[in-house]
Amino acid sequence: MTPSIVQPQPATSVPLPPAATAHTPPDLVAAGKGNPAPPAAAPKGPDWWLMMRAFLTQGKRIASFAPSSRFMARKLIDGIDWAQARSIVELGAGTGPITAEMVRLAHPKARLVVIELDPVLCGRLQARFRESPNVEVVLGDATKFGEILAARGIPKVDHVLSGLPLPSFPAAARDAILETSAKTISAGGTFRQLTVMPLIYYKLYRRYFEDVRFRFVPFNLPPGGVYVCRGYRGASPAK
Ligand SMILES: C[S@@+](CC[C@H](N)C(=O)[O-])C[C@H]1O[C@@H](n2cnc3c(N)ncnc32)[C@H](O)[C@@H]1O
């Protein structure tokens, strides 16, 4: 498979909750046709600078001023059965620290769909994973990841890995992402979420999932952790 960067399609027939649309940046909503193209040339500068700049200009939508450490990335994917996993979707990939660890371990036949909303960060992902045949970098909104997977003929994924700042999403957008994950993850699969606020949102994820394990990651800037969630039990009752 040729690695590619794919422009999101104009709105499809599947309506999104208003709050999910509201989470999409106003300029993109106003355009009404999805996101702008990533920069033609690969963005220059180290990953930490691209993240810092994105954080300073976009704040809550980026949520972290630095890319995840290798320790964080490894903790997020720890326990995945790489011999079996054939499809994984990553939401909010940033500059690609998680993607890089997946690429290192994934089966050659696995499909890794990597979604990022920010065009500059997406440009970095495209450049970084150009030589990785099983990675498909998509410039798009993670609230629409069900449509993004469907357009690629992927009805089910083994795992959903999220670097999204989900706690700061409007509840309806968060519900949409978690509901889509629940419908999309195959039996035995997991929803995995990064955080740089250790354990603070444990109760939030417990509202959605029967089984939530937290793994602390001290060696990250700032220290953080990951939630590994199973057994979706419906949209959050407490909005
Ligand atoms: C905390 S950063 C994590 C980046 C990377 N996964 C890491 O671990 O370093 C959150 C990322 O989610 C992206 N993001 C935020 N909202 C998004 C959305 N609706 N769809 C796709 N990506 C989104 C941001 O642009 C940013 O790159």
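Two residues are taken to be in contact when their C-beta atoms, placed from the backbone, lie within 7 Å. The legends below describe a predicted model.

**Figure 1. Contact of helix H3 with helix H6 in the predicted model.** On the side of H3, the residues Asp47, Leu50 and Ala54 take part, and they meet Val120, Leu121 and Arg124 of H6. By class, this contact of H3 with H6 holds 4 nonpolar and 2 charged residues, and no polar ones. Helix H3 spans residues 47-58 and helix H6 spans residues 119-128, and their axes come within 10 Å of each other while crossing at roughly 160 degrees. Because angles over 145 degrees count as roughly antiparallel, H3 and H6 are therefore described as roughly antiparallel to each other. The crossing in which H3 passes H6 is left-handed.

**Figure 2. Packing of helix H4 against helix H5.** Helix H4, residues 70-77, and helix H5, residues 97-105, have axes 9 Å apart and pack at an angle of about 55 degrees. The two helices H4 and H5 are therefore oblique to each other, and H4 passes H5 in a right-handed crossing. From H4 come Arg70, Ala73, Arg74, Leu76 and Ile77, which meet Pro97, Ile98, Glu101 and Met102 of H5. The contact of H4 with H5 comprises 6 nonpolar and 3 charged residues, with no polar residue among them.

**Figure 3. Two residues of helix H5, Ala100 and Leu105.** Ala100 has its place in helix H5, and it counts as partly exposed because 17 C-beta neighbours lie inside 10 Å. The C-alpha atom of Ala100 is separated by 9.7 Å from that of Leu125, although these two residues are 25 residues apart along the chain. Leu105 also lies in helix H5, but Leu105 is exposed, with 12 other C-beta atoms within 10 Å. Between Leu105 and Asp81 there are 9.7 Å in space, C-alpha to C-alpha, for a separation of 24 residues in sequence.

**Figure 4. The shell of residues around the ligand.** The ligand is surrounded by 25 residues, of which Ser68, Gly92, Gly94, Ala142 and Gly163 are the closest. Helix H5 and strand S3, residues 111-116, each supply at least two residues of this shell. Sorted by class, the shell around the ligand consists of 14 nonpolar, 7 polar and 4 charged residues.

**Figure 5. Buried positions in helix H8, shown by Ala176 and Leu178.** Ala176 lies in helix H8, which covers residues 171-184, and Ala176 is buried because 24 other C-beta atoms lie within 10 Å, where 20 or more are needed for a residue to count as buried. Lys144 is 32 residues from Ala176 in sequence, and the two are 8.5 Å apart in space, C-alpha to C-alpha. Leu178 also has its place in H8, and Leu178 is likewise buried, with 24 other C-beta atoms within 10 Å. When residues up to four places away in sequence are not counted, Leu178 touches Tyr208 and Tyr232. The C-alpha atoms of Leu178 and Leu166, which are 12 residues apart along the chain, are separated by 9.6 Å.

**Figure 6. Backbone details in two loops, at Leu199 and Pro222.** Most residues other than glycine have a negative phi, and most peptide bonds are trans. Leu199, in the loop between strand S6 (185-195) and helix H9 (202-208), has a phi near 65 degrees, which is a positive value in a residue other than glycine. With 12 C-beta neighbours inside 10 Å, Leu199 counts as exposed. In the loop between strand S7 (209-217) and strand S8 (224-232) lies Pro222, which is joined to Leu221 by a cis peptide bond with an omega of about -5 degrees.

**Figure 7. The protein as a whole, as context for the close-up views.** The protein has 9 helices and 8 strands, and buried residues make up 45% of its 239 residues. Of the contacts in the protein with a separation of 6 or more, 73% are accounted for by residues 24 or more positions apart.

Methods. Residues are numbered from 1 along each chain as its sequence is written. This is a predicted model: local features need pLDDT of at least 70, side-chain atom pairs count only at pLDDT 80 or more; totals for chains, interfaces and linings use all residues. Axes are lines fitted to C-alpha atoms, for helices over the stretch in contact, and angles run from 0 to 180 degrees between N-to-C directions. Helices (H or I, at least four residues) and strands (E, at least two) are DSSP runs, numbered from the N terminus. Angles under 35 degrees count as roughly parallel, over 145 as roughly antiparallel, 65 to 115 as roughly perpendicular and the rest as oblique. A crossing is left-handed if the near helix is turned anticlockwise from the far one by less than a right angle, and right-handed if clockwise. Ala, Val, Leu, Ile, Met, Phe, Trp, Tyr, Cys and Pro count as nonpolar, Asp, Glu, Lys and Arg as charged, and the others, Gly among them, as polar. A residue is near a molecule or strand if its C-beta atom, placed from the backbone, lies within 6 Å of it.
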